[in-house]
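Please open the model in your viewer and keep the selection panel at hand for the stops that follow.

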Amino acid sequence: MTIRCIVVEDEPLAMEVMVDFINQVPFLKLEKTCTDALAAMKILNERKIDLIFLDIHLPKLKGLDFLSTLKNPPIVILTTAYHEFAVKSYDYNVLDYLLKPIEFSRFMVAVQKAASQMNKEIIPSEEIKDDGLFFTVNKKKAKVAFQSIIYIESQRENVKIVTETNTIQTRIAISELEKQLPESFLRIHRSYIVSKQKIDFVDAQEIEIRGKRLPIGRSYKSEVHSALGIK
C-alpha cells in the first residue's frame, strides 16, 4: 500500500530535506513538490493526495489560511521553525506538527501516525528503526547505532550523544529522543539517558558509566533502581 503525498515548502534546503526523508520511506510516494499554497491547491484539484507536508510560512497564502479553504483536506502534517504555532495548528485538525530542523526519527513518528490513520499495511516501525537512528549533523544525516551509544545529555534545545567512537550534537529535545530509544536505555535524570548495558557502577546518588559519573535525579531514583534490580 502507498501513501501519496506532496510537500509545500518555499525554503530550498528544507524542501531538499523533506524530499530526501520521503524517498527513504518505502510506503510514501512523492507526487509533487510546490513552493506556495496556490500551486498545492491546483495539485489537489487534479489528483488524489493522501498526505500534505505543509509549511506554515508561505508566500501569497499562509499555510493555515490555505487549510481553512479546504473542505475535505487530506491528512496534514505541518512543518515550521516557529514553535508558537503548535497550539493554534491543532484548531485545523492537523495530524502532527514538526519543528525545524526536523530529525528523521521524528519524521517517522509523524508518518507512522498517518499510516495508522489510513489503516495502511506498512513496514513495522522496528524495521524502519533498524539498529539505530539518523541525526542531522552539519546539514548531513549521520546514523548512530544504538549499541554504540554510552549516554545522552540534554543541552537546552540540543542533545549531546556520546558513543564508543565519538560525540555528536544535534537539535532535538531529550524527551522526544527518549521515545525513539529501545528498552536498553534508561532515563536517570531530566538531563541524562544512559545505556543500561554500559553501566559500571551505581549507588543511591550516581551512576558511573565508562569513567563518567552522572547524577540520578530525585524523581527518577525509584524507577532507576527498579530497572537495575537494586533494592
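How many disulfides does a search of the whole structure find? This is a predicted model, and the search of the whole structure returns 0 disulfides.

Begin by selecting C5 and showing its side chain, then add C34, whose sulfur is the closest cysteine sulfur to that of C5. The two sulfur atoms are 11 Å apart, which is too far for a bond, since a disulfide needs a pair of cysteine sulfur atoms within 2.5 Å. Seen from the other end, C34 is likewise in no disulfide, and the nearest cysteine sulfur to it is that of C5.

Now switch on a surface around these residues and ask whether each is buried or exposed. C5 has a relative accessibility of 0% and therefore counts as buried, while C34, with a relative accessible area of 5%, is buried as well.

Next, select the whole protein chain and colour it by secondary structure, where you will find 8 helices and 15 strands. The C-alpha trace spans about 65 × 35 × 30 Å along its principal axes. Of the 231 residues in the protein chain, 45% are buried, and among contacts with a separation of 6 or more, 50% are made by residues 24 or more positions apart.

For the last stop, display the accessible surface of the protein chain, which comes to about 12,600 Å², with 47% of that area belonging to carbon and sulfur atoms. Then colour the charged side chains: there are 33 positive and 31 negative ones, and the centres of these two sets lie 2 Å apart.

Terms used. Residues are numbered from 1 along each chain as its sequence is written. This is a predicted model: local features need pLDDT of at least 70, side-chain atom pairs count only at pLDDT 80 or more; totals for chains, interfaces and linings use all residues. Side-chain values use heavy atoms; hydrogens and water are left out. Buried means under 20% relative accessible area, exposed over 50%, partly exposed in between (1.4 Å probe, protein chains only). Helices (H or I, at least four residues) and strands (E, at least two) are DSSP runs, numbered from the N terminus. Contact means heavy atoms within 4.5 Å. Accessible areas come from the Shrake-Rupley method with a 1.4 Å probe; for residues, only the protein chains shown count as cover. Lys and Arg count as positive and Asp and Glu as negative; His and the chain ends are not counted. The place of a charge is taken as NZ of Lys, CZ of Arg, CG of Asp or CD of Glu.
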